[in-house]
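User: I've got a model open and I'd like to go through the labels people put on it. Can you show it and take my "how do you know" questions?

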Amino acid sequence: MGPRLEGPNLFLLILGLVLNSLVLFCHGGRTSSYVRRLEATVDMPLDSDVFRFPPGYNAPQQVHITQGDVEGKAVIVSWVTQEAPGSDAVLYWKENSSKKLKAYGKSKTYKFYNYTSGHIHHCTIRNLEYDTKYYYVVGVGQTEREFYFFTPPEVGPDVPYTFGLIGDLGQSFDSNITLTHYENNPTKGQAVLFVGDFSYADQYPNHDNNRWDSWGRFAERSTAYQPWIWTVGNHELDFAPELGETKPFKPFLNRYRTPYRSSGSTEPFWYSIKRGPAYIIVLASYSAYGKYTPQFKWLEKEFPKVNRTETPWLIVLMHSPWYNSYDYHYMEGETMRVMYEPWFVKYKVDVVFAGHVHAYERSERVSNIAYNVVNGICTPVKDKSAPVYITIGDGGNLEGLATRMTEPQPKYSAFREASFGHAVLSIKNRTHAYYGWHRNQDGYAVKGDTMWFYNRFWHPIDDSPSE
Ligand SMILES: [Fe+2]
């Protein structure tokens, strides 16, 4: 005989049902109550201190580094010398080592309409040791500048590693606040996953490429010291037939490097790297991705290569989001979603970071892959094998915030807020990663949205935040 439902038992049952329905209610999407004033977001003037030229004749400027191979044992160092080519060498050494090594790169200039660039240098340093601090010098033999970076730990399943997430940064006063908040976040990011839209130089007459230079000088305080993993956005296209500039991505291609060949890619815009416990796939929203295209064929071969015993965390970066409930760029990512989402679910991608929409949003774990042309099943459903989709295009560029949202909040949207900010993903081990989004208005330690990620391969249980 079961327990009789009367007295305290009945009360507990009713209380349980009430609490249960409250939990279900709270699991609906949440829209932040913060409403930002729509002040104009303006670029910092060119004579701002953050854009200062480093002192000295032909001093290297716009120094930035990125991963140079698949495993993290190579670094690509890039910089610009304005007056003359100068040295193509990078001098580097391990901390506490007196043995200095030299690597040689190449430099070139490019023209864009009536603009001619400085001498842009790229040099790959290889065979680095894991988990080591290296110092490096550029401008060798002239005005020398010294920086340092840390190589990642050896690729493996349980090495902790922390990524910063920044998107659509631009060079406004708000961009500067975002970068400052990232730098001062007590959870220190060790590398930045940048989801596209760098300088917004294309918003200036003739795509004034001097604004590519100023962005490089502005971002140097971070990009010279930790690798930024680059994703291209629409503002990197610089396709301007009215100016006679018909080669898409021309300034980006000349200024920034990605290690695409190492992962078998044929273009710099899509590629993959391993870094510590993570396998990171970078996709190109503005290169062809339909069936039989180079990107499609590459990705088709790429997913089966991911070994979750070696790299438990599978992260994808792209510019245009697939799950976005703002009025801005609504459904722009839809055609790529239709092409690739079944793979994302099949291969259990943990999280997808995108930008493009100038606000913040985190999705539920959802998929929408049941549709075929006759069944009409075209609604996102909760799916524990699906990634969480995060829009982090809130870097603070001159175009301002995206504030208009589709109402009511769609079920796939877990949390959304129109504030500028950045995020940090701290991978702890093969099962757990802690994620926090930081809005610019708060103190450096304050998190506006958090989530414990449970790895989809090693610990695939429900990890949606319970608040
Ligand atoms: Fe964009």
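Analyst: Sure. Keep in mind that this is a predicted model. A good place to start is Pro 408, which sits in the loop between S22 and S23.

User: What makes the bond between Glu 407 and Pro 408 a cis peptide bond?

Analyst: The omega angle. For the bond joining Glu 407 and Pro 408, omega is about -5°, and the bond is cis. As background, most peptide bonds are trans.

User: Which phi value is reported for Asn 58?

Analyst: Phi of Asn 58 is near 55°, which is positive in a residue other than glycine. Most residues other than glycine have a negative phi. Asn 58 belongs to the loop between S1 and S2.

User: Why is Asn 58 called buried?

Analyst: Buried means under 20% relative accessible area. Asn 58 has 1% relative accessibility, so the residue counts as buried.

User: And why is Asp 47 called exposed?

Analyst: Exposed means over 50%. Asp 47 comes in at 70% relative accessibility, so the label is exposed. Asp 47 is also in the loop between strand S1 (30–31) and strand S2 (61–67). Its C-alpha is 9.8 Å from that of Ser 214, though the two residues are 167 apart in sequence.

User: On to helix H6. How do you know that its length agrees with its residue count?

Analyst: H6 has 13 residues (334–346), and at 1.5 Å a residue the expected span is 18 Å. The expected span uses one less than the number of residues. The end C-alpha atoms are 18 Å apart, so the two agree.

User: Where is the kink in H6?

Analyst: At Tyr 340, shortly before the proline Pro 342, with a bend of about 50°.

User: Which residues of H6 are buried, and what do they pack against?

Analyst: The buried ones are Met 336, Arg 337, Tyr 340, Glu 341, Trp 343, Phe 344 and Val 345. They pack against helix H5 (294–302) and strands S17 (313–317), S18 (351–354), S20 (366–367) and S22 (388–392).

User: What makes Arg 337 and Glu 341 a salt bridge?

Analyst: The cut-off is a side-chain nitrogen of Lys or Arg within 4 Å of a carboxyl oxygen of Asp or Glu. For Arg 337 and Glu 341 the N to O distance is 2.5 Å, so the pair qualifies. The two residues are 4 apart in helix H6, which means about one helical turn separates them. Arg 337 and Glu 341 are both buried. They also belong to a network of salt bridges that includes Glu 334.

User: How many salt bridges are there in the whole structure?

Analyst: The search finds 19. One of them joins Lys 94 and Glu 129, with the closest N and O atoms 3.0 Å apart. Lys 94 is in strand S4 (89–94) and Glu 129 in the loop between S9 and S10, so the pair ties together parts 35 residues apart in sequence.

User: Why is Lys 94 called partly exposed?

Analyst: Partly exposed lies between the 20% and 50% marks. Lys 94 has a relative accessible area of 28%, so it falls in that range. Glu 129, with 41%, is partly exposed too.

User: How do you know that Arg 439 and Glu 417 form a salt bridge?

Analyst: Their closest N and O atoms are 2.7 Å apart, and the limit is 4 Å. Arg 439 lies in strand S25 (432–439) and Glu 417 in strand S23 (413–417), so the pair links parts 22 residues apart in sequence. At 7% relative accessibility Arg 439 counts as buried, and Glu 417 counts as buried at 1%.

User: What about Lys 348: where is it, and what is its phi?

Analyst: Lys 348 is in the loop between H6 and S18. Its phi is near 55°, a positive value in a residue other than glycine. With 28% relative accessible area, Lys 348 is partly exposed.

User: Last one: what makes up the nonpolar surface patch?

Analyst: Tyr 371, Val 373 and Val 374, with about 380 Å² of accessible area together. Val 374 is in the loop between S20 and strand S21 (381–382). At 74% relative accessibility, Val 374 counts as exposed.

Key:
Residues numbered from 1 in each chain as written. Predicted model: local features only at pLDDT ≥ 70, side-chain atom pairs only at ≥ 80, totals over all residues. Heavy atoms only, no water. Bend = angle between axes of the 7 residues up to and from the residue. Buried < 20%, exposed > 50% of the residue type's maximum accessible area, 1.4 Å probe, protein only. Contact = heavy atoms within 4.5 Å. Patch = residues over 30% accessible without salt bridge, like charges linked within 9 Å, V, L, I, M, F, W, Y side chains within 5 Å. Areas by Shrake-Rupley, 256 points an atom, 1.4 Å probe, with all protein chains shown as cover.
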